[in-house]
Amino acid sequence: MINLVKPLLPGSAIGIVGGGQLGRMMALSAKEMGFRVGVLDPTEDCPASQVADWQIVAAYDDSFALEEMTKRVDVITYEFENVSVEALNSILPLTSIPQGTDLLAITQDRLMEKSFLESNNIVIAPYATIISPTDIQEAIESIGYPCVLKTTRGGYDGKGQYVLYGMPDLAPSMNLLREGTCVLEAWIPYEKELSVLVAGDGEGAYTVFPVVENIHRDNILHETIAPANVSLEVIEEAQRIAKVIAEAIGLAGTLAVEMFLTESGSIYVNEMAPRPHNSGHYTIEACSISQFDAHIRGIAGWPLPEVRLLSDAVMVNILGDELLKTFELVADKPAWNFHYYGKAEAKSGRKMGHITILTQEIQDTLEEVKKTAIWD
């Protein structure tokens, strides 16, 4: 149950736990709606703090710092899922956290996430719990190769997982077990990777975004194509799944659901993210409401409109190695929308920004991006 007087009025303060690019774009949306914004993050001058009113420099699980934040805000939200559930639970009596902590706990643990999805009759890849090396051999006998071993906690952008194609991969995969219990999943021979955003107001009203296609490189999102070139049946089923999940947890704010689409048209849910998502950045320019506006409206108790796709779009991530080269495009591509996150250091594989290109011909735009030779 959400302890929130609705709606939250302009001039109220929103606290964001986490100061990365998602927090930055949340803060920008909140400021447009007239809210004041505070950020808690261990890094000074983090991306979100650059557009917020103030920052508390502290670890995400610092209960004293979180308690200090409760004194300065009306509601608290989080921008990523590696926030301490225990620390947030400790401040629940002191403030409103419209997203709650149940969804956070579910998405932090792959076993809990799979159990939640199964209990809601959502199709996922066959899997087995792996506690010791002997468990893997038994699991592979039923799951088969190829398969993927994943840590139950803490993995993102391909970290914390290992693909097994045959017996020679068993030994190196064992390193993951040192981090604790793992999950072994069957490899789904997918045709496309899809994702859907859904937002809720915590009171039973939901709005669902278009289905998009995601293209990954080295397990990091490279491009998002909106809308996905899939059948109407696939679109309706993917959006239905997203809404079922939202209803099951009484969603407040924005949630992303990542899925695999097979050649036969079957959909398998891969994972959930309990906040705005990299694959939803296109919504800032291409939709009638952005995923960040929907998130802030959802946690503030403002009504959620039906989402309309105003233009087809391609979103391209800018990683550390690509950052400087993209600066050269600013003068050459006036129709492209450049977003830079204000991170202090451009590391290889680190998300430094993104570009959204509104288009009438998606394939031509994909070719235009390719011709820059920046993302080769």
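Reader: Which residues line the second largest cavity, and how should I read such a list?

Author: A cavity is a set of points, on a 1 Å grid over the protein atoms alone, where a 1.4 Å probe fits but cannot get out, and a lining residue has an atom within 4 Å of a point. Here the second largest cavity is lined by Glu193, Leu194, Asn214, His216, Glu258, Met259, Phe260 and Asn270. Strands E9 (190-201), E11 (212-217) and E13 (252-262) are the elements that give two or more residues to this lining, and E13 gives the most, with three residues. Such strands (E, at least two residues) and helices (H or I, at least four) are DSSP runs, numbered from the N terminus.

Reader: What should I know about the model and its numbering before going on?

Author: This is a predicted model, in which local features need pLDDT of at least 70 and side-chain atom pairs count only at pLDDT 80 or more, while totals for chains, interfaces and linings use all residues. Residues are numbered from 1 along each chain as its sequence is written, and side-chain values use heavy atoms, with hydrogens and water left out.

Reader: How many cavities of 30 Å³ or more does the structure hold, and what is the volume of the largest?

Author: A volume is the space filled by probe spheres set on the grid points, which are joined across faces, edges and corners. The structure holds two cavities of 30 Å³ or more; the largest has a volume of about 50 Å³, and the second largest about 30 Å³. Among the residues lining the largest cavity are Arg110, Lys114, Lys150, Glu185 and Asn270. Helix H5 (110-119) and strand E14 (267-273) each supply at least two residues of that lining, with H5 giving the most, four residues.

Reader: What does each lining look like by class of residue?

Author: Ala, Val, Leu, Ile, Met, Phe, Trp, Tyr, Cys and Pro count as nonpolar, Asp, Glu, Lys and Arg as charged, and the others, Gly among them, as polar. On that basis the lining of the largest cavity has three nonpolar, one polar and six charged residues, whereas that of the second largest has three nonpolar, three polar and two charged.

Reader: How many salt bridges are found in the whole structure?

Author: A salt bridge is a side-chain nitrogen of Lys or Arg within 4 Å of a carboxyl oxygen of Asp or Glu, and a search of the whole structure finds nine. In one of them, aspartate 53 meets lysine 31 at 2.8 Å, N to O. This pair links distant parts of the chain, 22 residues apart, with aspartate 53 in the loop between strands E2 (36-41) and E3 (54-57) and lysine 31 in helix H1 (residues 21-32). Lys31 and Asp53 also belong to a network of salt bridges with Arg36.

Reader: Arginine 275 forms a salt bridge with glutamate 81; is arginine 275 buried or exposed?

Author: Buried means under 20% relative accessible area, exposed over 50%, and partly exposed in between (1.4 Å probe, protein chains only). Arginine 275 counts as buried because its relative accessibility is 13%, and glutamate 81, at 15%, is buried too. By contrast, aspartate 53 is partly exposed at 28%, and lysine 31 is partly exposed at 32%. The closest N and O atoms of arginine 275 and glutamate 81 are 2.8 Å apart, and the two residues lie in distant parts of the chain, 194 residues apart.

Conventions: On a 1 Å grid over the protein atoms alone, a cavity is a set of points where a 1.4 Å probe fits but cannot get out, and a pocket is an open set with protein on both sides within 12 Å along at least five of seven lines; lining residues have an atom within 4 Å of a point.
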